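Open your viewer, and let us walk through this model together. Each stop says what to select and what you will find there.

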Amino acid sequence: MNPLPLLLTLSSLLFALGLLAVLTRRNAILILVGIELMLNAANINFIAFWRYGSVEFDLTGPLFVMFSIAIAAAEAAVGLAIILMVFRHTRSTDLNRLDSLHG
Amino acid sequence: MRVPALIALVLGSFPSLGLAATDKPPLLTGESLPRLPQRLVEMALEALKAPDWLVSLASFATAAGTVVAVFLSAFALLSLIERKTLARAQNRLGPNRAGIFGILQPVADGIKMLTKEDIVPTKAEWFLHLVAPVMIVIPSILALGVIPYGREWLPVPLELGLVFFFATGTMTEVAVFIAGWASGSKFPMLGAMRAISQMISYELPLIISALSVVMLSGTLSLADIVAAQSGYHLGFIPAWNILTPWGFVAGIIFLIAANAESNRCPFDLPEGESEIVAGHMTEYSGFKYALFFMGEYLGLFAISGLGITLFLGGWQAPLPGLGFVPSWFWFFGKLAAIIFFFLWVRTTFPRVRVDQLMRFAWLCLIPIALLTLPVAALWHFTANPDGSNGVLSWLLCSAILAVPFIIITVIFNRRLAPSLRTYHYAE
Amino acid sequence: MVPLLLLSPLILLAALGAVWKARPVHAALLLALALALVAVLYLSVGAEFIGLVQFMVYVGGVAILIVFALLITRPGDEAAEVARRPRSLALGLVCVAPVLGILLYAVSKGLPVAAFEDANPKLPVQALGTELFENAVPAVLTVGVLLTAVLIGAALFAREPGPKSELPADR
């Protein structure tokens, strides 16, 4: 039996969990946690289709994952730097309190 | 000892990894002596008609157990030698009560550590507090498993040995953080913050300097990197990476960064006892505290072993015609020399300040380490057809490395390095 | 197949903890655990290089960064977080359920026409490197520029504003 559906289900659930974290958390840093989970869910799909998919002798999946990992690291670094800057201004990382442009 | 089984479990998830070594060297030569336990276990199980998976698992566990046993005894020995060397440098005698020359001191220390009360602070999170020391020891042992100690003695022949080594190293950072945070007190937290920022900063020069070796060897397998350094120039100069311009610079950067990675003086701010008690280990006692020390020293062995493998030719003999000496003897000789060098540095240098530490990594080590990459490429492309390098190549590569080094050190010295300190005494 | 069956629930449990835990540091550590388990999953399907890189970047880099940021900033009130949880969770689930439904429906619709059980049993690292530096050079260069920009930008963002030197004077 091909384990592809198992991995795809895993990645769907992981994606849903990440989305849930992004939607329910109020701390900006913990929202980043959710985003990392979603990115990883996508990476699992790439690896799953590379490993058990329909194209043999192919490297597109791993290549994409390499780039995805590099960009995820960059995104985390910039995101956290921005959150730090916001924290310096408002003394809080709670997104509900960042409403000074509310009008 | 449950550790070998754990290694087998973790490494067993690598499908490419043949657990049992396939070659069968003769039983009792100097070269294959370290593999004697493994071979004996294999033969005994085969004689008992055990199933194949059991034979390979037992053989693997024995190979891992040999390495762990060797380095645990080396750790015990080093703890004594370190104290003796420090004492010698400070004009003291050092431990001399337990046994002749204090030779039984490690045993006494071990008994003391084991029988001490295990204290968990009330504010600590007991589970994470328990996990941290274990997580410190595991990566060091895993890293020791992939280093080639001799021609016949490579516990786990991994194709991606170098990446595996650095990947296990990152686990230490998480462990240090957990130790600092779970203790629920301020000195451990401060120590953990210092330790993590130091480890992240010094991991960059460490990895970059290793990259130049990977570039010119064309492989990530540590055994192949050692094999690429075989042979002798002019019949007697070993073809080690340290004896090339880029390798020399990268090797020294690796040495400094390794010293900082293993939190040793002069980079021992994370556990500077005069500032923050013992850093992330402050709230630990008894055997857990001993585990931290064990992890630290095993990590020191592992990273020194990696440096030897990358730059000092691994188990290769320093002169031709020494083939009758077992190759692992050379590895451990070099290891002893490097460790002694670390001890020497520890006795000589005072501890640096946090800002000096960071500046040194980011403004001095990393730029020069990055420079070794293009110079290594230049070295490769200016080589003669037979692989040796002419005088011109030597001069060019050395000059490209030397000029920025001089510029950086001059700037570094003029603007950033500390001058004589002014001391302010309490009134 | 067996390692996958063992790993999948563990990954999901760790991720659930990362989403559920009210204490921010616990959530971040569970995220590190989940990402490390994903790395083990990569190792067990034969993508060893990717697995090790994932371990190095996510566990050693991203998770540590997140934990560090949590320590520097002051996390919000945990009790308030727990108190408002039922409402926010209900709302979140209402939004997530359709997405998950669509994803699982797509998975259940079946595999691609010809899915091989062993399309690529092992990742050839040498070939991956060749591919990266021969055919994907523009992408590699772009990522390099991006990472350099990120390094400089993050350092500028995170720098303490105000007087340039708060460090003790050397002379």
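The tour starts with the chains, moves to an interface, and ends among salt bridges.

**Before you click**

This is a predicted model, in which local features need pLDDT of at least 70 and side-chain atom pairs count only at pLDDT 80 or more, while totals for chains, interfaces and linings use all residues. Residues are numbered from 1 along each chain as its sequence is written, chains are lettered from A and ligands numbered from 1 in the order in which they are written, and side-chain values use heavy atoms, with hydrogens and water left out.

**Stop 1: the chains**

Colour by chain. Two pairs of chains are in contact, and chains A and C share the most contacts; contact here means heavy atoms within 4.5 Å. Chain A and chain B do not touch, their nearest C-alpha atoms being 13 Å apart.

**Stop 2: chain C against chain A**

Select both chains. Between them they bury about 6,800 Å², with 77% of it on carbon and sulfur atoms (buried area is the accessible area, with a 1.4 Å probe, that two parts lose on being put together, summed over both). Now highlight C:Val19, C:Asn120 and C:Phe157: these supply 10% of the area that chain C buries against chain A, more than any other three residues.

The contact takes 81 residues from chain C and 68 residues from chain A. Across this interface there are zero salt bridges (a salt bridge is a side-chain nitrogen of Lys or Arg within 4 Å of a carboxyl oxygen of Asp or Glu). Six residue pairs are in polar contact, both residues at pLDDT 80 or more; a polar contact is a pair of N or O atoms within 3.5 Å, where within protein one must be able to donate a hydrogen and the other to accept it, and residues adjacent in sequence count only if both atoms are side-chain atoms.

Which helices of chain C should you show? Those that each supply at least two residues to the side touching chain A include H1 (2–20), H2 (24–44) and H3 (48–72). Helices are DSSP runs (H or I, at least four residues), numbered from the N terminus. The largest share of that side, 12 residues, comes from H3(C).

**Stop 3: the salt bridges of chain B**

Over all chains, the search finds five salt bridges. Select B:Arg264 and B:Glu82, whose closest N and O atoms are 2.9 Å apart in a salt bridge. B:Arg264 sits in the loop between helix H9 (245–261) and helix H10 (273–276) and B:Glu82 in helix H3 (residues 52–89), so this pair ties together parts of chain B that are 182 residues apart in sequence.

Add B:Arg346, which also meets B:Glu82 in a salt bridge (2.5 Å, N to O). B:Arg346 belongs to helix H12 (residues 327–348) of chain B, 264 residues from B:Glu82.

Buried or exposed? B:Glu82 is buried at 3% relative accessible area, as is B:Arg264 at 7%, whereas B:Arg346 is partly exposed at 32%. (Buried means under 20%, exposed over 50%, partly exposed in between, with a 1.4 Å probe and protein chains only.)

**Stop 4: a buried glutamine**

Finish at B:Gln198 in helix H7 (residues 186–217) of chain B. B:Gln198 is buried, with a relative accessible area of 0%. Show its neighbours: leaving out residues up to four places away in sequence, B:Gln198 touches seven residues, among them B:Asn263, B:Phe267 and B:Met358.
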